[in-house]
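I opened my notebook for a new structure today. Come along and look over my shoulder as I jot down what I looked up.

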Amino acid sequence: MEWIQAVWISVVFFYATEVSVLEGLPIGSSLSRAQKVVAGEFGGAMLTMLFFNTLHFAATVLADHAGRSILDELLQITP
C-alpha cells in the first residue's frame, strides 16, 4: 500500500509547480491547492503525469540518438 501513497505524493508534487506559477501562491499554499486538484480528478492527473514523463523520456532518447548521429555522420567524430 506504500506505493499508492508514493504515487499520490508524486502526482501532487508534479502539479505543485504549475499551481505555484499559474496562481502565484507560495510553496505551502501551492501544495495544498495541488492536493485539492489531484483529489478532484486523480485518474486524469495521474495519466497526465505519466504522459508527460513518457514524452520527456522519448524526447531525451530521440535527442541522444540525433546528437550521436550528427557527431558520427556529419562531423565524423566517434564518441
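Which residue takes a positive phi just after helix 3? I looked it up, and Gln76 is the one, with a phi of about 55 degrees. A reminder to myself before I go on: this is a predicted model.

**Entry: helix 1**

I started at helix 1, which covers residues 2–23 and so has 22 residues. From its first C-alpha to its last, helix 1 reaches 31 Å, close to the 32 Å expected at 1.5 Å a residue. I then looked for bends and found a kink of about 25 degrees in helix 1, centred on Tyr15.

Next I asked myself which residues of helix 1 are buried. My list holds Val11, Val12, Tyr15, Ala16 and Val19. Tyr15 is thus on two of my lists, as a buried residue and as the centre of the kink. The spacing made me recall a general point: an α-helix has 3.6 residues a turn, so residues three or four places apart point the same way. What covers these buried residues? I noted that the cover includes helix 2 (27–40) and helix 3.

Not every residue I checked in helix 1 is buried. Ile9 has its place in helix 1 and is partly exposed, with a relative accessible area of 46%. I put Ile9 against Ser32: the two are 23 residues apart in sequence and 12 Å apart in space, C-alpha to C-alpha. Glu18 is also found in helix 1, and at 36% relative accessibility Glu18 counts as partly exposed.

Just after helix 1 I stopped at Gly24, which takes a positive phi of about 65 degrees.

**Entry: Ser30 in helix 2**

Is Ser30 buried or exposed? Ser30 sits in helix 2, and its relative accessibility is 0%, so I wrote it down as buried. I also looked up what Ser30 touches, leaving aside neighbours within four places in sequence. Ser30 is in contact with Ala16, Val19, Ser20 and Leu25. Two names were familiar to me, since Ala16 and Val19 are among the buried residues of helix 1.

I took one distance from here as well. The C-alpha atoms of Ser30 and Glu18 are separated by 8.6 Å, with their positions 12 residues apart along the chain.

**Entry: Met49 in helix 3**

I moved on to helix 3 (42–74). Helix 3 has 33 residues and reaches 47 Å from first C-alpha to last, close to the 48 Å expected at 1.5 Å a residue.

Met49 is found in helix 3. Why do I count Met49 as buried? Its relative accessible area is 9%, and buried means under 20%. Not counting residues up to four places away in sequence, Met49 touches Ser10, Val11 and Phe14. Val11 is one of the buried residues of helix 1. I also checked Met49 against Val12: they are 37 residues apart along the chain, and their C-alpha atoms are separated by 9.9 Å.

**Entry: salt bridges**

How many salt bridges are there? I count two.

In one of them, the side chains of Glu23 and Arg33 meet at 3.3 Å, N to O. Glu23 lies in helix 1 and Arg33 in helix 2, so the pair ties together parts that are 10 residues apart in sequence. I looked up how open these two are: Glu23 is partly exposed at 40% relative accessibility, and Arg33 is partly exposed at 35%.

The other salt bridge joins Arg68 and Asp64, whose closest N and O atoms are 3.2 Å apart. Arg68 and Asp64 are four residues apart in helix 3, which separates them by about one helical turn. Arg68 counts as partly exposed at 47% relative accessibility, and Asp64 is partly exposed too, with 41%.

**Entry: a nonpolar patch**

My last stop was the surface. Which residues form a nonpolar patch there? I noted Ile70, Leu71, Leu74, Leu75 and Ile77, with about 470 Å² of accessible area together. Within this patch I picked out Ile77, which is found in the segment after helix 3. Ile77 is partly exposed, with a relative accessible area of 43%. That took me back to where I began, because Gln76, with its positive phi, also comes just after helix 3.

Definitions and conventions:
Residues are numbered from 1 along each chain as its sequence is written. This is a predicted model: local features need pLDDT of at least 70, side-chain atom pairs count only at pLDDT 80 or more; totals for chains, interfaces and linings use all residues. Side-chain values use heavy atoms; hydrogens and water are left out. Patches are made of residues with over 30% relative accessible area and no salt bridge: like charges are joined within 9 Å, nonpolar side chains (Val, Leu, Ile, Met, Phe, Trp, Tyr) within 5 Å. Accessible areas come from the Shrake-Rupley method with a 1.4 Å probe; for residues, only the protein chains shown count as cover. A salt bridge is a side-chain nitrogen of Lys or Arg within 4 Å of a carboxyl oxygen of Asp or Glu. Buried means under 20% relative accessible area, exposed over 50%, partly exposed in between (1.4 Å probe, protein chains only). The expected span of a helix is 1.5 Å times one less than its number of residues. The bend at a residue is the angle between axes fitted to the seven residues ending there and the seven starting there. Contact means heavy atoms within 4.5 Å.
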